[in-house]
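Notebook open, coffee in hand. I want to go through this one from the overall layout down to single side chains.

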Amino acid sequence: MAIISDFQEEDQTTKQSPSSSQPKPKSIPFTSTFDPSNPAAFLEKVFDFIANESDFFDKESAEKVILSGARAVKVKKAKAVAAEKAKIAAEEKAKAEKAAAAAVAKKDKGVDGKEDEKKDGKPELAAPNKGNGMDLENYSWTQSLQELNVNVPVPNGTKSKFVICEIKKNHLKVSLKGQPPIIDRELYKSIKPDECYWSIEDQNTISILLTKHDQMDWWKCLVKGDPEINTQKVEPESSKLGDLDPETRSTVEKMMFDQRQKSMGLPTSEELNKQDMMKKFMSQHPEMDFSRAKLS
């Protein structure tokens with residue numbers, strides 16, 4: 001909650017021209033509280049204060065000035081979001097170009113792309129497949145930030161009644177009746193069992209959908225003990241945002257922006273909007289003393 005309180009008029013020495021006969025308006029103390037969940041209440045108090053202490057609302061242009069200020073804030077916010085997206089896109093492009101250059105350099109040196117030993121003796125992490133997962137001998141998996149898809153090849157003609165698929169919060173078991181398990185290990189991270197499903201595709205593949213519990217993290221492997229991928233080389237499918245309706249897309253983009261801001265210790269879109277509104281209001285009312293205003 002932001003608090004604006006204890007405004008005091010500061011002593012200021014100003015130089016006035018000899019021709020100036022009008023006294024400078026004095027700053028008027030203003031005390032109120034700001035509840036982020038109910039910004040309209042704060043604005044109502046501000047408007048009441050302005051109405052009581054000035055003739056601003058007696059002017060025909062008052063409503064136009066307020067609406068113009070609100071539109072300016074929205075435009076400024078949109079520009080800030082667009083600039084941040086452009087910056088992130090440029091950074092991702094630079095990373096991709098750097099990775100491509102590194103791959104070409106490896107090829108020129110005769111490196112075959114397998115997991116090699118680093119100078120410190122640790123194996124180099126493998127690059128993810130096109131689905132940001134890994135293709136293994138007995139199965140393959142892909143992922144998005146929200147879920148994972150596992151594909152397990154089985155003999156042609158396999159029916160669901162011959163499949164054993166046990167999905168638990170931290171464990172996955174997949175096998176055919178009477179045969180050793182294909183997968184039977186602890187998952188890399190926890191999932192939501194009630195939001196997971198499996199089915200037989202074309203009678204030759206077990207398809208499993210796992211919903212992540214933490215939907216803001218990339219998995220390095222499906223189950224513990226499997227080879228790990230280098231998550232720094234994961235490529236989010238941002239193009240899928242274009243498939244969403246405008247309202248949903250706007251919400252998703254806002255969440256992504258806020259998450260990036262929080263990770264960098266920067267204000268979220270809502271906090272930026274509040275700051276812009278306050279700055280706009282302060283610039284329109286220089287007669288008020290905001291020297292001790294605090295907005296958080």
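**Layout.** I started with the order of elements: from the N terminus on, the chain runs β-β-α-α-β-β-β-β-β-β-β-β-α-α. That gives four helices and ten strands, where helices (H or I, at least four residues) and strands (E, at least two) are DSSP runs numbered from the N terminus. Before going further I noted that this is a predicted model, where local features need pLDDT of at least 70 and side-chain atom pairs count only at pLDDT 80 or more, while totals for chains, interfaces and linings use all residues. Residues are numbered from 1 along each chain as its sequence is written, and side-chain values use heavy atoms, with hydrogens and water left out.

**Burial and contacts overall.** I looked up how much is buried (under 20% relative accessible area; exposed is over 50%, partly exposed in between, with a 1.4 Å probe and protein chains only). Of the 296 residues of the chain, 25% count as buried. Then I checked contacts (heavy atoms within 4.5 Å). Taking those between residues at least 6 apart in sequence, 54% join residues at least 24 apart.

**Cores.** Next I went for the nonpolar cores, meaning sets of buried Ala, Val, Leu, Ile, Met, Phe, Trp, Tyr and Cys residues joined through side-chain atoms within 4.5 Å. The largest has 26 residues, and Trp141, Val150, Ile183, Leu210 and Leu222 touch the most other members. β5 (147-153), β6 (163-167), β7 (171-176) and β10 (205-211) each supply at least two residues of this core. There is also a second, separate core of eleven residues, with Phe30, Phe42, Phe49 and Phe281 among them.

**Two neighbours on the strand.** I clicked on Leu210 and listed its contacts, skipping anything within four places in sequence: Gln146, Glu147, Leu148, Val150, Ile167, Leu172, Leu187, Ile191, Cys196 and Leu222. Leu209 is in strand β10, and I put it down as partly exposed because its relative accessible area is 22%. With the same sequence filter, Leu209 is in contact with Glu147, Leu148, Asn149, Glu195, Cys196 and Tyr197. The C-alpha atoms of Leu209 and Cys196 are 5.5 Å apart, with the two positions 13 residues apart in sequence numbering.

**Salt bridges.** How many salt bridges does a search of the whole structure find? I got five, using a side-chain nitrogen of Lys or Arg within 4 Å of a carboxyl oxygen of Asp or Glu as the test. I wrote up three pairs.

- Asp226 and Arg185 meet at 2.8 Å, N to O. Asp226 lies in the loop between β10 and α3 and Arg185 in strand β8 (residues 183-186), so the pair ties together parts 41 residues apart in sequence. Asp226 is buried at 11%, whereas Arg185 is partly exposed at 34%. Beyond four places in sequence, Asp226 touches Leu136, Tyr139, Arg185 and Cys221.
- Lys189 and Asp217 meet at 2.0 Å, N to O. Lys189 lies in the loop between β8 and β9 (197-201) and Asp217 in the loop between β10 and α3, so parts 28 residues apart in sequence are tied together. Lys189 is partly exposed at 30%, and Asp217 is partly exposed at 22%.
- Glu270 pairs with Lys274, the closest N and O atoms being 3.7 Å apart. These two are four residues apart in helix α4, so about one helical turn separates them. Glu270 is partly exposed at 41%, while Lys274 counts as buried at 15%.

**Second largest pocket.** Last stop. Rolling a probe the size of a water molecule over the atoms shows where empty space is left. A pocket here is an open set of points on a 1 Å grid over the protein atoms alone, where a 1.4 Å probe fits, with protein on both sides within 12 Å along at least five of seven lines; lining residues have an atom within 4 Å of a point. The second largest one holds about 510 Å³, the volume being the space filled by probe spheres set on the points, which are joined across faces, edges and corners.

I counted 25 lining residues, with Leu43, Phe47, Met277, Met278 and Phe281 nearest the centre. α1 (39-53), α2 (62-108) and α4 (269-284) are the elements giving two or more residues to the lining. Which element gives the largest share? α4 does, with eight residues.

By type, the lining splits into 17 nonpolar, four polar and four charged. For that split, Ala, Val, Leu, Ile, Met, Phe, Trp, Tyr, Cys and Pro count as nonpolar, Asp, Glu, Lys and Arg as charged, and the others, Gly among them, as polar.
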